[in-house]
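Thanks for asking me to look this over. My notes follow as numbered points, with the model itself shown before them.

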Amino acid sequence: MSVEATLRRVLETVLKQSFPTGEDVCRSRVPQWDSLKHVEVLFAVEDAFDIRLSEEEMAQADSLSALAALVETHHAS
Amino acid sequence: MRHDLRRDGEAFRLRPAEIEDDAFILSLRTDPTLSQFIGATDASPERQRAWMEAYFGRPGDYYWIIEHRASGRADGTIALYDVTEGRGEWGRWILRPGSLAAVESVLLLSDVAFEDLGMAEIYCRTTLANHKVVAFHDGMGWERKALLPDCTPLGDAVEHGLTHALWAEKREGWRTMARRLGRRP
């Protein structure tokens with residue numbers, strides 16, 4: 001499964017709603033993506049990809065595309 | 001009121017708000033994005049300072065700065081007020097954009113309320129239009145106690161409560177989350 005597909009599944013599981021393939025998912029536009037869910041999303045992403053995000057990265061991870069970029073960065077290093 | 005109640009968490013701490021914090025507090029309260037769901041704040045520094053002076057003399061009112069422990073950076077504010085007969089309201093909860101302090105700041109405030117102040121219950125009131133904060137309180141396991149019609153300029157509000165017993169039940173889960181958040185490069 002691609003990074004994007006895995007992240008989409010993580011977001012759908014944590015936020016309990018479906019997001020159409022191909023569309024970015026942005027925290028600012030998803031009412032359910034509150035501060036608590038944000039932490040749950042980040043932990044789920046860390047677990048799914050076996051990475052550890054820095055505090056600064058967590059603060060920036062406010063969309064599927066931003067999360068994908070972080071995952072790619074971690075996997076490249 | 002002037003107080004010395006402090007709490008250190010994993011990544012954040014609560015420290016008493018001081019007069020020198022007035023500019024920071026004013027910056028949060030007058031930020032259009034951060035303040036859209038709270039009461040109007042006069043942007044005058046003199047008025048903010050006068051409010052702080054009045055706060056220092058107000059019994060049962062505890063105001064904190066939420067501080068990032070590693071950097072000392074002020075991340076937000078939180079307060080407990082109208083404390084009487086073992087019950088009190090908390091609020092003035094504003095975090096700077098990108099802050100990860102939400103869970104831990106509420107955990108620390110509840111620890112102060114129940115451990116340091118020996119309270120029986122704390123509650124908060126959130127305008128229903130503030131969907132994300134309402135969802136946050138629901139997700140943290142706080143109990144919806146009442147719906148307050150037309151309670152705020154933005155309409156109805158919901159009151160969430162946390163009793164001592166519920167805090168005792170929930171705190172380890174919140175602490176685990178804060179601990180994992182705190183151990184960051």
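Is B:R6 buried, partly exposed or exposed, going by relative accessibility? Point 1 picks this up, and please keep in mind throughout that the model is predicted.

1. A pair at the start of chain B. B:R6 counts as partly exposed, because its relative accessibility is 47%. Its side chain meets that of B:D4 in a salt bridge, with N and O 2.9 Å apart. B:D4 has a relative accessible area of 58%, so this residue is exposed; the cut-off for that class is over 50%.

2. Other charged groups within chain B. B:D138 and B:R144 form a salt bridge as well, and here the closest N and O atoms are 2.8 Å apart. Both partners turn out to be partly exposed: B:R144 has a relative accessible area of 48%, and B:D138 has 32%. You may also like to colour the network of salt bridges that links B:D8, B:R13, B:R15, B:D21, B:E67 and B:R69. Over all chains, a search of the whole structure gives 29 salt bridges.

3. The fold of chain B. This chain has five helices and eight strands. Along the sequence they come in the order β-β-α-α-β-β-β-α-β-α-β-β-α. The radius of gyration of chain B is 16 Å, close to the 16 Å from the globule rule for 185 residues, so the chain is as compact as a globular protein of that length. Its C-alpha trace spans about 45 × 45 × 30 Å along the principal axes.

4. Burial and contacts in chain B. Buried residues account for 51% of the 185 in this chain. Among its contacts with a separation of 6 or more, 60% come from residues 24 or more positions apart. The chain exposes about 8,400 Å², and carbon and sulfur atoms supply 50% of that area.

5. The main core. In soluble globular proteins, nonpolar side chains tend to be buried together. Here the largest nonpolar core holds 62 residues, and B:W90 and B:I122 have the most contacts inside it. Helix α3 of chain B, residues 102-116, gives the most to this core, contributing nine residues. A second core lies apart from it and has ten residues, including B:M52, B:Y55, B:F56 and B:Y63.

6. A closer look at B:I122. Which residues does B:I122 touch, leaving out those up to four places away in sequence? The list includes B:W90, B:W142 and B:F114, along with B:L80, B:L109 and B:L162. B:G88, B:S110, B:A113, B:H160 and B:G161 are also among its contacts.

7. Chain A. The secondary structure of this chain is four helices and zero strands, which reads as α-α-α-α along the sequence. Its radius of gyration is 11 Å, in agreement with the value near 11 Å for a compact globule of 77 residues. The C-alpha atoms fill a box of roughly 35 × 25 × 15 Å along the principal axes. Of the 77 residues in chain A, 48% are buried. Contacts that join residues at least 24 apart make up 45% of those between residues at least 6 apart in sequence. Its accessible surface comes to about 3,900 Å², and 49% of this belongs to carbon and sulfur atoms.

8. The interface. How many residues of each chain are in contact with the other? There are 18 in chain B and 19 in chain A. The two chains bury about 1,700 Å² between them, with carbon and sulfur atoms giving 63%. On the chain B side, B:K132, B:R180 and B:R184 lose the most area to chain A, together 38% of what that side buries.

9. Salt bridges across the interface. The rule finds three of them between chain B and chain A. In one, B:R180 pairs with A:D47, the closest N and O atoms being 2.9 Å apart. B:R180 lies in helix α5 (residues 164-182) of chain B and A:D47 in helix α2 (residues 35-49) of chain A, so this pair joins two chains. B:R180 also forms a salt bridge with A:E46, at 3.0 Å between the closest N and O atoms. B:R180 counts as partly exposed at 25% relative accessibility, while A:D47 is exposed at 54%.

Technical notes. Residues numbered from 1 in each chain as written. Chains lettered and ligands numbered in written order. Predicted model: local features only at pLDDT ≥ 70, side-chain atom pairs only at ≥ 80, totals over all residues. Heavy atoms only, no water. Core = buried A, V, L, I, M, F, W, Y, C linked by side-chain atoms within 4.5 Å. Buried < 20%, exposed > 50% of the residue type's maximum accessible area, 1.4 Å probe, protein only. Contact = heavy atoms within 4.5 Å. Salt bridge = Lys/Arg side-chain N within 4 Å of Asp/Glu carboxyl O. Rg over C-alpha atoms; globule rule 2.2 N^0.38 Å. Areas by Shrake-Rupley, 256 points an atom, 1.4 Å probe, with all protein chains shown as cover. Buried area = accessible area lost by both parts, 1.4 Å probe.
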